[in-house]
There are 2 protein chains.
Amino acid sequence: MIEVDLLLVHGAVVTMDAAARVFLDGAVAIHGREIVAVGPADELTTRFVARDTVDCRGCAIIPGLINAHAHVPMSLLRGLVADQQLDVWLFGYMFPVESRFVDREFVFTGTQLSCAEMIRGGTTTFVDMYYFEEEVARAADLAGMRAICGQTVMRLPTPDAASFDEGLDRARAFIEQWHGHDRIIPTIAPHAPYTCTDTIYREAMALCRRYAVPLVTHLSETEREVDESRAEREVTPIRYAKRVGAFDGKCIAAHCVHATEDDIRLLREQHVGVVPCPSSNLKLASGIAPIRRFIEANLRLGLGTDGPASNDDQDMFTEVHLAALLPKGVSGDPTAVPARDALALATSSGARAIHLDHVIGSLEPGKRADIAVVVLGRLHSAPRYHYAPDAIYSHLVYGARSADVRDVLVDGRFLLRDHALLTINEDDVLYRAQAIANRIDSFLAEREDNLLDKILAIGGVQQSEIFEVQAKALIDARQAEQVVHSLTEPGITVTKASERTQYDTYFVWDDEGRGRIRIREDHRTDPGARAEPKYTITLISPALRGEYQMAILFGRARYTAPADRTLRFYREYFQPDRVIDIEKRRRRWRILYRDADFAVNLDTLAGHGHPGPYLEIKSRTWSRKDAEHKVELIGELLARFGVPESALVRQEYVELER
Amino acid sequence: MIEVDLLLVHGAVVTMDAAARVFLDGAVAIHGREIVAVGPADELTTRFVARDTVDCRGCAIIPGLINAHAHVPMSLLRGLVADQQLDVWLFGYMFPVESRFVDREFVFTGTQLSCAEMIRGGTTTFVDMYYFEEEVARAADLAGMRAICGQTVMRLPTPDAASFDEGLDRARAFIEQWHGHDRIIPTIAPHAPYTCTDTIYREAMALCRRYAVPLVTHLSETEREVDESRAEREVTPIRYAKRVGAFDGKCIAAHCVHATEDDIRLLREQHVGVVPCPSSNLKLASGIAPIRRFIEANLRLGLGTDGPASNDDQDMFTEVHLAALLPKGVSGDPTAVPARDALALATSSGARAIHLDHVIGSLEPGKRADIAVVVLGRLHSAPRYHYAPDAIYSHLVYGARSADVRDVLVDGRFLLRDHALLTINEDDVLYRAQAIANRIDSFLAEREDNLLDKILAIGGVQQSEIFEVQAKALIDARQAEQVVHSLTEPGITVTKASERTQYDTYFVWDDEGRGRIRIREDHRTDPGARAEPKYTITLISPALRGEYQMAILFGRARYTAPADRTLRFYREYFQPDRVIDIEKRRRRWRILYRDADFAVNLDTLAGHGHPGPYLEIKSRTWSRKDAEHKVELIGELLARFGVPESALVRQEYVELER
């Protein structure tokens, strides 16, 4: 009798080895961190005597599941926002919240929450890509899990690095700090071709080769990404990654949803690990990866959950289930990805995808004892059939779910035993996670109520002068001519003149106290002017309105930023109650009159019930006193232009009935 | 203070009413079987005093989920077989097993198992279609659930009716028996246009109108079904259903995956309940229903699990999740079906689909108290965000799962309370389910080992004579001519002559003891013969072989049936170790010689290493004595044909090396 530390007995041992051996009444012998033997229970119990023997009757004993792509700290952002376009989700919510809230505590807490969820779901190994990755490594290590931790680098500023040089330095330091750890593999993760530079990829791979760790990145997640890459670089993101050396060592490429046949050939030749994330790819509308084609091409194929802000769980049972179902539904062939192949994606094949197949992925002597014990025959997975050898795969893939996981071991150590988490205090981590979420919740709640916060969150905002004086008059063509003529008379100096067409879109709310948003597309139409239109977004806060005989004085805050996103983005992000479009042709003069600066506009509105023409005289200032002085000057100008008080219009264009 | 039976307090009440009201700290007051009030907890606790008050802090209180299409007794066949083509699954497994095992006990036990699973998963109402439907009704009633139970009728024999007349009688009797029950609505379910007749649909709808119950059927589940309907009847299955009166009363149509725009218009005009089953539609490779289009068209749209033999669970959380995810992935639009719309499919909209929206589907005063209480904020659904009013839907659809359901009520009665099932003995039903499964398992195990059982299972089999004598010789063209000439000599009477090309496919196993299967496609090529080829499948059991000087005597069983399925079907069903194809041209004569019947074949093999020509003389008999007599006669014939012993070939064609 050989002495070992642990015997798991009388479970259905699903080895996922090359011969796909299954021992229906099987056992696994474990010593130290390794599997010593796998076989029929009666055989192993006569060969081995164990310090600890665990009865697994009614259960399957399977290799611990491998989550080959995740952003685990993002569990704290789970449920934050859903069902939005990608840009609204990313630029409107994820980036503003991450830039404000992601710090060491956030990352550590989020990772603990995810580790607890993953362990409960039978996952023993994960591949991560996030910021402050040393905290991911620390939390994963404390949880007893196996992980490949990728410090994200991109050319944009991140929560942990103001520039990519700093990001590379952080990654280098992180790898040096954690290199040589038995379960945690520290590495670098250039985010994606569209957020990185050639240099980032080259330096990242140099680092990976020096420390013999795999490079982690995103490739060809969306069709748009592929189209833009072709337009910019004439190659797909996957070809680009090859060109900048990302495949010169071990590489793990997430998604690859839109890999072409040429890409697939390349991924195989270069031994790249390919990791679709079925739930996330569906939820973010990226598409459905050609998993069946990937399997036929014998790629190193795994599955990932992606970040819990886009999934929203980290449940590999769900991903395996989808990997079995989706190819059937899409191809019309119910044999497309059989249950055994689907389970392999989270075990043996998944281990190849992350370049750890010599260590994990199957239950074989010499491999690490990373194991999940799954209860079968519960209400949703009863009864059990045995006549067909493959029935066990069907039970596991179509019947079992994460809540059925009873025990989990990594390196022969129990992390979950009889449904009890042993390495993480579940209540404590839930409490800390909710505390961080509450801070984010307050921030968002205030922001949702406050257009200024919301506009500030997307960046680039500048404040304009607070006071504005304005006179508007409905005139006719003859009066318009007179205005133009008057501008050439002594006492008035024209400093600039222009012609333009302005397309203004106003977002207004039933609650006028919220202010309004104007998005302006401004086209210069005078000869020789810039050809590119100018886009601005302006938040106009509710006005304190002072009515004078010949002018109105508004006291209101205005915040303007370049509008570098689509109207659709802004509409979905701000969710106005109404949208009002105003198209106007404007002749504009900047003038000096008695040392004061004014804008004089001659406007006609297109497609409007009150097209004009209108004369506007406006000026802005930080000073109320100055503003009141300008009210008087506007009266003088109107007199010079021959505009009577009766012609004055007291509404703004957006307030005029269409 | 008004006295009520029950108050659910301090949960997030998600009413799913027309105004989509949510009370984050809400309460529901229940009296008898009805909801009396819904609102903020502080308000209801001051208005009502209850016999029983349940604290729902940290939970959502939602309408009980509606599974609008299922075959609940099939839970007993869950995991029986997966990843097969539909015909193999249906004709090779489901039909043979159902015809042998489905009886009252099966249906009652399977329904209890399903009810237990559904209650645990928050489902309070289901729509069923199966056999012995009175047992479904009885089990659902005992479980305290609400159900629409449809007695299946089709033109084929079923486990409970030898003909459709009998099926209609059964349905009539069933409806009369259960009509007027408060929770169980008995009805009739014509299976589908491709398995029914016009009469079945017309009589079914007449019955439904008489009792004011909805007709349940399957429509447009697969593309093939639509194509075949168009070919046969020039209309889609949905148009056909209209034509035969299926929409003349309330109708619930499962699947509709391949509904056309015209169909969608028709479904809306006719107020048909439409019920895609996302998991099943994926797993059986039927496709992905256009759920977003259905929502835009304002159909009465629900969701179903379909039978657990094709799903494999009855988890409405999974179906809702898929209904939210799939339209996004397919359309490329992440806003396609927002979480709230997806949840409606299993609640308010689902109730419209099954024509019970006046009774259930939302939490409103006057509606029945069918309610699920769902724990939020567990590891996979933490943390929680509240800033956005819609966050609760996202939490429920993307985060929560069936195992999070804590309490379930139907008509104000707890069926599940604090995770404990109150109306079903879980261990007992699991035990009885496994006992039935074990019998099926044994049947299938024996059948898998025994090709005869497997071929018998698909029907139409006849046994041939047990003894066969056979001589085969490799000859040349001159000898062949001599054979033909000899047949015209006195002493031999030719009774039939033919020419044919035979394409034989042999399935062989490494274990020769299993016998072999031959599938023959037989084309008559002589002028005037039948044009249609003849297809047969023959099981040839292992032979007792007696070698004689001039002939071989085989003692072996042969079973032949018309081969009315595809080669692919048989290959996937029998799973041979090797497949051998033999194509031969055969001139064949049936002769009488000394009052004994023989077949004389002149064969050449096409595309074969040993093409021949070969002479074969064969005869079959039930008697060993007769066989031995024929051995002698074959010797005489060979002599008359001038074939020497040295020309004899002792192998069968399938044994010859290619």
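**Helix packing, burial and cysteines in a predicted model**

Me: How do you know that helix H3 (residues 104–120) of chain B and helix H4 (residues 133–143) of chain B pack with crossing axes?

Reply: In this predicted model, the axes of the two helices come within 8 Å and cross at roughly 35°, where axes are lines fitted to C-alpha atoms, for helices over the stretch in contact, and angles run from 0 to 180 degrees between N-to-C directions. By class, the contact of H3(B) with H4(B) has nine nonpolar, two polar and four charged residues. This is a predicted model in which local features need pLDDT of at least 70 and side-chain atom pairs count only at pLDDT 80 or more, while totals for chains, interfaces and linings use all residues. Residues are numbered from 1 along each chain as its sequence is written, chains are lettered from A and ligands numbered from 1 in the order in which they are written, and side-chain values use heavy atoms, with hydrogens and water left out.

Me: Why is A:Cys56 called buried?

Reply: Buried means under 20% relative accessible area, exposed over 50%, and partly exposed in between (1.4 Å probe, protein chains only); A:Cys56 has 0% relative accessibility, and therefore counts as buried.

Me: Why is A:Cys56 not bonded to the closest cysteine sulfur?

Reply: A disulfide is a pair of cysteine sulfur atoms within 2.5 Å, whereas the sulfur of A:Cys56 is 5.7 Å from that of A:Cys59, so this is too far for a bond. Likewise, the sulfur of B:Cys149 is 8.6 Å from the closest cysteine sulfur, in B:Cys115, which is too far for a bond. A search of the whole structure finds zero disulfides over all chains.

Notes. Helix = DSSP H or I, 4+ residues; strand = E, 2+ residues; numbered from the N terminus. Nonpolar A, V, L, I, M, F, W, Y, C, P; charged D, E, K, R; others polar.
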